[in-house]
Amino acid sequence: MRKLDHVDKQILQILQEDGRRPYTEIAHQLGLSEGTIRSRITRLLQDGVFQFVIHPDPEKLGLHVQAIIGLTTKLGSQNSVAEELSKFPEVRFVGAFSGKHDLIIQACFHNNDELITFVNERLSQIEGIAAADVSLELKQYKDSFSFVRDDEVPIQ
């Protein structure tokens, strides 16, 4: 993978604002040809720099309970626990962290009963989990996948 240049970052910033923006519009905005935009986006996709995904609102899908669960794992079990957690459809994020918790997951449920069942019946069956700390999301202020900041890439 080659290093991202200024044009690559401008393209990414534009696509973050609207991933459906036509290549012709991006080309016009940046003063480049449509072919250049198309080839750069193809390369960025092939290099795994980004992917086109949809980002549904869990609440609108009937998933009214969103939880962040911090997990303490037994020594040597972090990877195997993370692999098991990644298999659950309720879990949308699994990450290893320093600090109080070894792993933190984000999971969505239809109701509190589903969350309780998940913790008591599913998490409890995973070998290597020593403790779970469940926090419920009360209100969401930001949920974004934008990583190219406006202050880094001025668009002409």
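# Exercises on a two-core predicted model

Start with Ile-26, which sits in helix α2 (residues 23–30); helices (H or I, at least four residues) and strands (E, at least two) are DSSP runs, numbered from the N terminus. This is a predicted model, where local features need pLDDT of at least 70 and side-chain atom pairs count only at pLDDT 80 or more, while totals for chains, interfaces and linings use all residues. Residues are numbered from 1 along each chain as its sequence is written, and side-chain values use heavy atoms, with hydrogens and water left out.

**Exercise 1. Work out whether Ile-26 is buried or exposed, and list what it touches.**

Step 1: Get the cut-offs straight. Buried means under 20% relative accessible area, exposed over 50%, and partly exposed in between (1.4 Å probe, protein chains only).

Step 2: Apply them. Ile-26 has 0% relative accessibility, so it counts as buried.

Step 3: Look for partners, with contact meaning heavy atoms within 4.5 Å. Skipping neighbours within four places in sequence, Ile-26 contacts Ile-11, Ile-14, Leu-15, Arg-21, Ile-37 and Ile-41.

Step 4: Check a distance. Gln-78 is 52 residues from Ile-26 in sequence, and their C-alpha atoms are 43 Å apart.

**Exercise 2. Sort His-6, Arg-43 and Arg-92 by how much they are covered.**

Step 1: Place them. His-6 belongs to helix α1 (residues 6–17), Arg-43 to helix α3 (residues 34–46), and Arg-92 to strand β2.

Step 2: Classify. Arg-43, at 16% relative accessibility, counts as buried. His-6 comes out partly exposed at 41%, and Arg-92 is partly exposed at 34%.

Step 3: Add some surroundings. Leaving out neighbours within four places in sequence, Arg-43 is in contact with Arg-2 and Asp-8. From His-6 to Phe-52 it's 20 Å between C-alpha atoms, with their positions 46 residues apart along the chain. Arg-92 and Ile-105 are 13 residues apart in sequence, and 7.5 Å apart C-alpha to C-alpha.

**Exercise 3. Find the largest nonpolar core and say which elements build it.**

Step 1: Know what you're hunting for. A nonpolar core is a set of buried Ala, Val, Leu, Ile, Met, Phe, Trp, Tyr and Cys residues joined through side-chain atoms within 4.5 Å.

Step 2: Pick out the residues. The largest core has 18 of them, and Ile-69, Leu-71, Leu-85, Phe-118 and Leu-123 have the most contacts inside it.

Step 3: Assign the elements. Two or more residues of this core come from each of β1 (65–73), α4 (78–85), β3 (103–109) and α5 (112–122).

Step 4: Don't stop there. Another core lies apart from this one, with 12 residues, including Val-7, Ile-11, Leu-30 and Ile-37.

Step 5: Zoom in on Phe-118. Not counting residues up to four places away in sequence, Phe-118 touches Ile-69, Phe-88, Glu-90, Val-91, Ile-105, Phe-109 and Leu-123.

**Exercise 4. Explain why the buried residues of α4 line one face of the helix.**

Step 1: Name them. Val-81, Ala-82 and Leu-85 are the buried residues of α4.

Step 2: Look down the axis. These buried residues fall within an arc of 100 degrees, so they line one face of the helix; the arc is that of the directions from the helix axis to the C-beta atoms.

Step 3: Flip the helix over. The face turned away from the buried side carries the exposed residues Asn-79 and Glu-83.

Step 4: See what does the covering. The cover over the buried residues of α4 includes β1, β2 (91–96), β3 and β4 (129–136).

**Exercise 5. Locate His-101 and describe its contacts.**

Step 1: Find the spot. His-101 is in the loop between β2 and β3.

Step 2: Check the cover. His-101 has a relative accessible area of 14% and is buried.

Step 3: List the partners. Setting aside neighbours within four places in sequence, His-101 contacts Gly-70, Leu-71, Thr-72 and Asp-133.

Step 4: Look at the side chains. Those of His-101 and Asp-133 are joined by a polar contact of 3.3 Å (a pair of N or O atoms within 3.5 Å; within protein, one must be able to donate a hydrogen and the other to accept it, and residues adjacent in sequence count only if both atoms are side-chain atoms).

**Exercise 6. Give the order of the elements along the chain.**

Step 1: Count. There are five helices and four strands.

Step 2: Read from the N terminus. The order is α-α-α-β-α-β-β-α-β.
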